[in-house]
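Work through the exercises below with the sequence and the model open side by side. Each one sets a task and then gives a stepwise solution.

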Amino acid sequence: MTMDTDFFKDKKREVVASLQRYASQELDCELGDIQAGHLLEYILKEIGPFAYNQGVEDAKAYFASKVEDLAGTCFEEGLTYWHKGAPGSRQVRRKP
C-alpha cells in the first residue's frame with residue numbers, strides 16, 4: 001500500500017516554506033522551491049509510512065480498548081419502567 005498524498009496538496013506550499021525555513025535556520029543552508037519539494041516527497045515516501053503505520057496501530061489499540069469495555073460503557077438496565085419517574089426517562093449508563 002502506498003501512502004496517498006492527495007490530501008496534502010493544498011498544504012504543500014506551506015510545508016515547502018517550512019522546510020526552507022528549517023534548512024535556513026537550523027542547517028545554515030538555503031533550499032529552493034524545487035529542492036524543498038523534492039525533499040518533501042522523499043520524506044513522505046521514505047519516512048511517512050512509519051508515522052502512518054504508527055497512527056493505524058494507535059487507532060487500533062484505542063478502538064480495541066473501547067470495544068473491550070463496550071458493555072461497561074453502553075449499558076441499559078432492564079425493568080426500569082417504575083424507577084425514577086415517567087416512562088421514557090430511561091438513560092444509558094455504565095454497567096454497575
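The exercises that follow concern a predicted model.

**Exercise 1. State how many helices and strands the protein chain has, and give the pattern they follow.**

Solution.
1. The protein chain holds four helices and zero strands.
2. Along the sequence, the pattern reads α-α-α-α.
3. Of the 96 residues in the protein chain, 11% are buried.
4. The accessible surface of the chain is about 8,500 Å², and carbon and sulfur atoms hold 58% of this surface.
5. Among contacts in the protein chain with a separation of 6 or more, 29% join residues 24 or more positions apart.

**Exercise 2. Describe how α1 packs against α2, and decide how the two helices are oriented.**

Solution.
1. Two packed helices are described by the angle between their axes and by the distance between those axes.
2. For α1 and α2 (residues 33-46), the angle is about 105 degrees and the axes lie 9 Å apart.
3. Angles from 65 to 115 degrees count as roughly perpendicular, so α1 is roughly perpendicular to α2.
4. On the α1 side, the residues in contact are K12, V15, V16, L19 and Q20. On the α2 side, they are D33, A36, G37, L39, L40, E41 and I43.
5. Sorted by class, this contact of α1 with α2 has seven nonpolar, two polar and three charged residues.

**Exercise 3. Do the same for α2 and α3.**

Solution.
1. The axes of α2 and α3 (residues 48-68) come within 4 Å and cross at roughly 45 degrees.
2. This angle makes α2 oblique to α3.
3. I43, L44, K45 and E46 of α2 make the contact with G48, P49 and F50 of α3.
4. By class, the contact of α2 with α3 comprises four nonpolar, one polar and two charged residues.

**Exercise 4. Place Q20 in the chain, decide whether Q20 is buried or exposed, and find what its side chain faces.**

Solution.
1. Q20 belongs to α1, which covers residues 12-26.
2. The relative accessibility of Q20 is 18%, and the cut-off for buried is under 20%, so Q20 counts as buried.
3. A polar atom of the Q20 side chain lies 3.0 Å from the backbone oxygen of L31.
4. Leaving aside neighbours within four places in sequence, Q20 is in contact with L31, G32, D33 and A36.
5. L31 itself sits in the loop between α1 and α2.
6. Not counting residues up to four places away in sequence, L31 touches L19, Q20, A23, A36 and L39.
7. L31 and A17 are 14 residues apart along the chain, and their C-alpha atoms are separated by 9.4 Å.

**Exercise 5. Examine the phi values of D28 and L79, and decide whether each residue is buried or exposed.**

Solution.
1. Most residues other than glycine have a negative phi.
2. D28 is not a glycine, yet has a positive phi of about 55 degrees.
3. D28 lies in the loop between α1 and α2.
4. The relative accessible area of D28 is 70%, and exposed means over 50%, so D28 is exposed.
5. L79 is likewise a residue other than glycine with a positive phi, near 55 degrees.
6. L79 lies in the segment after α4 (70-73).
7. With 82% relative accessibility, L79 counts as exposed.

Technical notes. Residues numbered from 1 in each chain as written. Predicted model: local features only at pLDDT ≥ 70, side-chain atom pairs only at ≥ 80, totals over all residues. Heavy atoms only, no water. Buried < 20%, exposed > 50% of the residue type's maximum accessible area, 1.4 Å probe, protein only. Polar contact = N/O pair within 3.5 Å; in protein donor to acceptor, adjacent residues only side chain to side chain. Contact = heavy atoms within 4.5 Å. Areas by Shrake-Rupley, 256 points an atom, 1.4 Å probe, with all protein chains shown as cover. Axes fitted to C-alpha atoms, helices over the stretch in contact; angles between N-to-C directions. Parallel < 35°, antiparallel > 145°, perpendicular 65-115°, else oblique. Nonpolar A, V, L, I, M, F, W, Y, C, P; charged D, E, K, R; others polar.
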